[in-house]
Amino acid sequence: MAGPLNGVRDHVVSMIVTGELRPGAALPAERELAIRLGVSRPLVREALRSLEAVNIVESRRGAGTYVTELSPELLLAPLSHAFRLIHGSYLDLFQVRRFLEPAAAAEAAGSVEEEHLAEMDELLAALDELDEDTFPENDLAFHEWIVRQTGNPLLLSIIRGIRDLEFTVLEVTAASARNREQSQIEHRAIGKAIREGDPERAKAAMLLHLARVEDQLRSSGAGVPELAEEAP
């Protein structure tokens, strides 16, 4: 059975899910919530603080508490914070990516719509420039495009939630022109398999790409201090 603190949190989340409270809307006053739920105001305050910690609501000094914009990036930002707090290795990040992205590439190859391939071509063309400053962002955009083709909003939210961690890795692995060139060759292979509707080849190409970048990260270790020690 949920305790009173969880009960308050669940009630507020339910108000958001049902549309009673929409993004940007003000929550009822603490006193009103306390009376409605039959709990104390300090308990309501604590429940709202816990929801604020995960970016569901925000407190505005002197103006009350409001629902945030509820964007996936905002809601899943605590993922990267948790990763750092538990001293996660960036190799753990690649394990997660190996679980998710090859399957996403296979799904994309089997379901991508013709009109979306033009966007893929634009992303690959931008990556062809091999510009050190823009390559990490364009690389992330290409991988995100693949995940979007699955039509799975939860998977897309997870990928966006670890985006800043991936960017940190790319600042290391995309630092040399040779590595950027090799990554682009692999991106092209993934894109070709997706265009040709070959799920197994798309999956294999993504696995090969991730394995190669992970191996590069292992051998460099530079700029990624978490690799210097194992997670406890």
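This is a friendly dialogue on reading a predicted model, one feature at a time.

Q: Where should I begin: how many helices and strands does the chain have?

A: A list of elements is a good first map. In this predicted model, the chain has 11 helices and two strands. Read from the N terminus, the order is α-α-α-β-β-α-α-α-α-α-α-α-α. The C-alpha trace spans about 65 × 45 × 35 Å along its principal axes.

Q: What share of the residues is buried?

A: Burial is judged by relative accessibility, with buried meaning under 20%. Of the 232 residues in the chain, 38% are buried. Contacts add a second view: among those between residues at least 6 apart in sequence, 69% join residues at least 24 apart.

Q: Which residues have the most contacts inside the largest nonpolar core?

A: To read a core, ask who sits in it and which elements supply it. The largest nonpolar core here has 37 residues, and those with the most contacts inside it are Tyr90, Phe142, Trp145, Ile146, Ile190, Ile194 and Leu217. At least two residues each come from α5 (90–111), α6 (117–128), α7 (135–148), α8, α9, α10 (177–195) and α11 (199–220). The largest share, eight residues, is that of α5. Apart from this core lies another, of 15 residues, including Val12, Ala34, Ala47 and Val57.

Q: Which residues does Ile146 touch?

A: Setting aside residues up to four places away in sequence, Ile146 touches Ala104, Ala105, Ala108, Ile190, Ile194 and Met206. Two of these names, Ile190 and Ile194, appeared above among the residues with the most contacts inside the core.

Q: How do I read a pair of helices, and at what angle do α8 and α9 cross?

A: Look at the approach of the axes, then the angle, then the residues that touch. Helix α8 (residues 153–161) and helix α9 (residues 163–173) have axes that come within 5 Å and cross at roughly 50°. That angle makes α8 oblique to α9. On the α8 side the contact is made by Ile159, Arg160 and Gly161, and on the α9 side by Arg163, Asp164 and Glu166. By type, the residues of this contact are one nonpolar, one polar and four charged.

Q: Which residues of α9 are buried, and where do they lie around the axis?

A: The general idea is that an α-helix has 3.6 residues a turn, so residues three or four places apart point the same way. In α9 the buried residues are Leu165, Glu166, Val169, Leu170, Val172 and Thr173. Because they cover an arc of only 155° around the axis, they are on the same side of α9.

Q: Now a single helix: is Gln216 of α11 buried or exposed?

A: Accessibility is read residue by residue, even within one helix. Gln216, in helix α11, has 11% relative accessibility and therefore counts as buried. Leaving aside neighbours within four places in sequence, Gln216 is in contact with Val172, Thr173 and Asn179. Of these, Val172 and Thr173 are among the buried residues of α9.

Q: What about Lys203 and Leu208: what relative accessibility does Lys203 have, and what does Leu208 have?

A: Lys203 is in helix α11 and, at 36% relative accessibility, counts as partly exposed. Beyond neighbours within four places in sequence, Lys203 is in contact with Pro102, Ala105 and Ala106. Leu208 is also placed in helix α11, and at 58% relative accessibility Leu208 counts as exposed. The C-alpha atoms of Leu208 and Arg98 are separated by 9.8 Å, with their positions 110 residues apart along the chain.

Q: Turning to the strands, which residues does Tyr66 touch?

A: For a strand residue, combine its burial with its contacts. Tyr66 is in strand β2 and counts as buried at 17% relative accessibility. Not counting residues up to four places away in sequence, Tyr66 touches Gly24, Ala25, Ala26, Leu27, Ile56, Val57, Glu58 and Arg60. From C-alpha to C-alpha, Tyr66 and Pro28 are 9.1 Å apart in space and 38 residues apart in sequence.

Q: One last item: where is the phi of Asn55, and that of Leu70?

A: Backbone angles are worth a look in the loops. Asn55 has a phi near 65°, a positive value in a residue other than glycine, and its place is the loop between α3 (41–53) and β1 (57–60). Leu70 has a positive phi near 60° and is found in the loop between β2 (64–67) and α4 (72–85). With 22% relative accessibility, Leu70 counts as partly exposed.

Notes:
Residues numbered from 1 in each chain as written. Predicted model: local features only at pLDDT ≥ 70, side-chain atom pairs only at ≥ 80, totals over all residues. Heavy atoms only, no water. Helix = DSSP H or I, 4+ residues; strand = E, 2+ residues; numbered from the N terminus. Buried < 20%, exposed > 50% of the residue type's maximum accessible area, 1.4 Å probe, protein only. Axes fitted to C-alpha atoms, helices over the stretch in contact; angles between N-to-C directions. Parallel < 35°, antiparallel > 145°, perpendicular 65-115°, else oblique. Contact = heavy atoms within 4.5 Å. Nonpolar A, V, L, I, M, F, W, Y, C, P; charged D, E, K, R; others polar. Arc of directions from axis to C-beta. Core = buried A, V, L, I, M, F, W, Y, C linked by side-chain atoms within 4.5 Å.
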